[in-house]
Amino acid sequence: MWQAILMGLGMVLVIEGLVFALAPSRLEDLLRAMATIPPETRRMIGLSALVLGAVLTSWAISL
């Protein structure tokens, strides 16, 4: 269980690190674009990502 959690966290950090390392200026553009989206819409995007991640994780565990 802990191994899976650490592996998932490590993968997230790798992907986040790639964004910062390979495209820092694009990240700034993305942050500016995100600032124009209303907070409720950002919250729904976040909740949708959370649900999708939970479903994919559950699906992967069941395989």
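A salt bridge is defined here as a side-chain nitrogen of Lys or Arg within 4 Å of a carboxyl oxygen of Asp or Glu. The legends below describe close-up views of a predicted model.

**View 1. Arginine 32 and aspartate 29 are joined by a salt bridge in helix α2.** The N to O distance between the side chains of arginine 32 and aspartate 29 is 2.9 Å, which is within the 4 Å limit for a salt bridge. Arginine 32 and aspartate 29 are separated by about one helical turn, because they stand three residues apart in helix α2. Aspartate 29 is partly exposed, its relative accessible area being 38%. Arginine 32, in turn, counts as exposed, at 52% relative accessibility.

**View 2. Glutamate 28 also meets arginine 32 in a salt bridge.** Here the N to O distance is 3.9 Å. Both residues belong to helix α2, which covers residues 24-35, and they lie four residues apart, about one turn of the helix. With a relative accessible area of 45%, glutamate 28 is partly exposed.

**View 3. Glutamate 40 and arginine 43 form a salt bridge in helix α3.** The closest N and O atoms of glutamate 40 and arginine 43 are 2.6 Å apart. Glutamate 40 and arginine 43 are three residues apart in helix α3, so about one helical turn separates them. Arginine 43 counts as partly exposed, at 48% relative accessibility. In helix α2, by comparison, salt bridges that share partners join Glu28, Asp29 and Arg32 into one network. The structure holds three salt bridges in total.

**View 4. Threonine 41 is found in helix α3.** The relative accessible area of threonine 41 is 36%, so this residue is partly exposed. Leucine 31 precedes threonine 41 by ten residues along the chain, and the C-alpha atoms of the two are separated by 15 Å.

**View 5. A nonpolar patch on the surface includes tryptophan 59.** The patch is formed by Leu52, Leu56, Trp59 and Leu63, which together have about 490 Å² of accessible area. Tryptophan 59 lies in helix α3, which covers residues 39-62. Tryptophan 59 counts as exposed because its relative accessibility is 53%, and the term exposed applies over 50%.

Terms used
Residues are numbered from 1 along each chain as its sequence is written. This is a predicted model: local features need pLDDT of at least 70, side-chain atom pairs count only at pLDDT 80 or more; totals for chains, interfaces and linings use all residues. Side-chain values use heavy atoms; hydrogens and water are left out. Patches are made of residues with over 30% relative accessible area and no salt bridge: like charges are joined within 9 Å, nonpolar side chains (Val, Leu, Ile, Met, Phe, Trp, Tyr) within 5 Å. Accessible areas come from the Shrake-Rupley method with a 1.4 Å probe; for residues, only the protein chains shown count as cover. Helices (H or I, at least four residues) and strands (E, at least two) are DSSP runs, numbered from the N terminus. Buried means under 20% relative accessible area, exposed over 50%, partly exposed in between (1.4 Å probe, protein chains only).
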